[in-house]
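Got the model open in your viewer? Switch on side chains as sticks and follow along, one selection at a time.

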Amino acid sequence: MHISVMPVESLNFWIGGDNKEKVLPGVYVDATFGEGGHSRLFLEQTDKTENVFLVALDRDSRRIEKGKNFFAKEIESGKLQLIKGNFSELPAILSSLKTKNLPVRGILFDFGLCTTQFSENRGFSFNEKEAPLDMRMSEDEELTAGQILNEWEEEALTKIIKEKGEEREGRKIARAILQKRAQGFSFEKVDDLLEVLKKITKKPWGQKIHFATKTFQALRMTVNREEESLIRGLREALDILAPGGRIVTIAFHSGEDRPVKNFFRRESRDCICPPEMPICRCDHQKTLKILTKKPLTPDEEEIKRNPNSRSAKMRVAEKI
Ligand SMILES: C[S@@+](CC[C@H](N)C(=O)[O-])C[C@H]1O[C@@H](n2cnc3c(N)ncnc32)[C@H](O)[C@@H]1O
């Protein structure tokens, strides 16, 4: 079961405060519907509020099919529109809906995967050793983790493992993968990759994280083009928000949090010229006000209840 992270805090920012009487009419977007936990809270909080609509999307059709059964009543009433799609295409998705002319008040991004996706034999989890090395969040993606491992050259493999996984042993891992391939080996299931990784990253003494975490993260991010979607999704969220509308993000590792931090920082400054420029030449104007000077994190009680929340960082910004 997936437990939603920082539910109360994120909901309050998303809907503009903890007073449900004061939720402004318009459209609210859950860009990462998942198991619908945040959406459910939103619907409970606003069920009596007139002219408040929720649009929820997910790129994974399994999440959407499950959600359609669970939220049949809200979909039927028009309160919820549940769409299979990538948040990197937000404007096109929203403009195809019947609420297209209403102001967009708040957009929630809860990045990454739901707990349930780790137990569907899709190659996301190193605990499912017999699962195929797939790792696609959406069947629309063409590239799989297996293709990367069986076809990519040493340089490209090293680059993604080091940069997207922040794995120091990226070069060694890439070489070991190529060596196996040179012996005629093909990477098909999760265990094939674990066998390589454990010889390189498994330490004889205690490790804080599983020895495969970073390489799995690199492959997943590459297969799903996560960073590109995230950067595009934020830009588009800002474009479509009404003034005063909010972007709420929850990130689980620095590959998700850093681009959010950089985007918020850039868009909250009037000048983005390099510091060595004597006068401003960029004409950039700020469009965001940052509401969380430092990212918010789950408290001890939440981490105890939901250990998966321990690395979460929430950032919020408001459109000017
Ligand atoms: C952490 S889960 C969200 C959990 C949800 N907030 C809840 O409380 O149940 C993240 C979800 O975002 C989806 N997702 C990831 N990247 C996406 C993208 N670019 N566009 C749409 N959905 C995406 C994943 O398929 C996953 O279901």
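Start by selecting lysine 66 and glutamate 35: their side chains meet in a salt bridge, 2.6 Å from N to O. Keep in mind that you are looking at a predicted model. Now colour by secondary structure and see where the two partners come from. Lysine 66 is in helix α3 (residues 61–70), while glutamate 35 belongs to the loop between β1 (26–30) and α2 (37–46). The pair links distant parts of the chain, 31 residues apart. Is lysine 66 buried, exposed or partly exposed? With a relative accessibility of 43%, lysine 66 counts as partly exposed.

Next, widen the selection to Glu35, Asp60, Arg62, Arg63, Lys66, Glu120 and Arg122. These residues are linked in a network of salt bridges, so the selection you began with, Lys66 and Glu35, belongs to a bigger picture. Across the structure there are 29 salt bridges.

**Two more charged pairs**

Jump to glutamate 227 and lysine 164. They form a salt bridge whose closest N and O atoms are 3.8 Å apart. Here, too, distant parts of the chain are linked: glutamate 227 is in helix α11 (residues 226–240), and lysine 164 is in the loop between α7 (154–163) and α8 (170–182), 63 residues apart. Glutamate 227 is partly exposed, at a relative accessible area of 31%. Lysine 164 has 18% relative accessibility and counts as buried, because the cut-off for buried is under 20%.

Then pick arginine 266 and glutamate 267. The closest N and O atoms of this salt bridge are 3.5 Å apart. Arginine 266 is partly exposed, with a relative accessible area of 41%, whereas glutamate 267 is buried at 4%.

**On to the rings**

Hide the charged residues and show the aromatic ones. How many aromatic pairs does a search of the whole structure find? The count is 11. Zoom in on phenylalanine 87 and phenylalanine 109, which form an edge-to-face pair with 5.1 Å from centre to centre and 90° between the planes. Phenylalanine 87 lies in the loop between β3 (80–84) and α5 (90–95), and phenylalanine 109 lies in strand β4 (residues 104–110), so this pair ties together parts that are 22 residues apart in sequence. Turn on a surface and check the cover on each ring. Phenylalanine 87 is buried, with a relative accessible area of 12%, and phenylalanine 109 is buried as well, at 0% relative accessibility.

Now select phenylalanine 185 and phenylalanine 187. This aromatic pair is edge-to-face too, with 5.2 Å between the centres and 80° between the planes. Phenylalanine 185 counts as partly exposed at 28% relative accessibility, while phenylalanine 187 is buried at 1%. Add lysine 180 to the view: its charged end sits over the ring of phenylalanine 185, 4.2 Å from the ring centre.

One more aromatic stop: select Trp14, Tyr28 and Phe42, which ring pairs link into a cluster.

**The ligand**

Show the ligand and centre on it. It is surrounded by 25 residues, and the closest are Ser4, His38, Asp58, Asn86 and Asp110. Which ligand atom should you look for beside the side chain of asparagine 86? It is a nitrogen atom, 2.9 Å from an N or O atom of that side chain. For aspartate 58, find the polar side-chain atom that lies 2.6 Å from a ligand oxygen. Glycine 36 makes its approach through the backbone, with an N or O atom 3.2 Å from an oxygen of the ligand. Taken alone, the ligand exposes 610 Å², and the protein buries 98% of that.

**Two distances to finish**

Set the viewer's distance tool to C-alpha atoms. Click valine 27, which sits in strand β1 and is buried, with a relative accessible area of 2%. Then click serine 138: the two residues are 111 apart in sequence and 25 Å apart in space, C-alpha to C-alpha.

For the last stop, go to leucine 102 in the loop between α5 and β4. Leucine 102 is partly exposed, at a relative accessible area of 34%. Finish the line at alanine 242, which is 140 residues from leucine 102 in sequence and 9.3 Å from it in space, C-alpha to C-alpha.

Terms used:
Residues are numbered from 1 along each chain as its sequence is written. This is a predicted model: local features need pLDDT of at least 70, side-chain atom pairs count only at pLDDT 80 or more; totals for chains, interfaces and linings use all residues. Side-chain values use heavy atoms; hydrogens and water are left out. Rings of Phe, Tyr and Trp (its six-membered ring) pair if their centres lie within 6.5 Å; planes under 30 degrees apart count as stacked, over 60 as edge-to-face and the rest as tilted. Helices (H or I, at least four residues) and strands (E, at least two) are DSSP runs, numbered from the N terminus. Buried means under 20% relative accessible area, exposed over 50%, partly exposed in between (1.4 Å probe, protein chains only). A charge sits over a ring if NZ of Lys or CZ of Arg is within 6 Å of the ring centre and within 35 degrees of the ring normal. A salt bridge is a side-chain nitrogen of Lys or Arg within 4 Å of a carboxyl oxygen of Asp or Glu. A residue is near a molecule or strand if one of its heavy atoms lies within 4 Å of it. A polar contact is a pair of N or O atoms within 3.5 Å; within protein, one must be able to donate a hydrogen and the other to accept it, and residues adjacent in sequence count only if both atoms are side-chain atoms. Accessible areas come from the Shrake-Rupley method with a 1.4 Å probe; for residues, only the protein chains shown count as cover.
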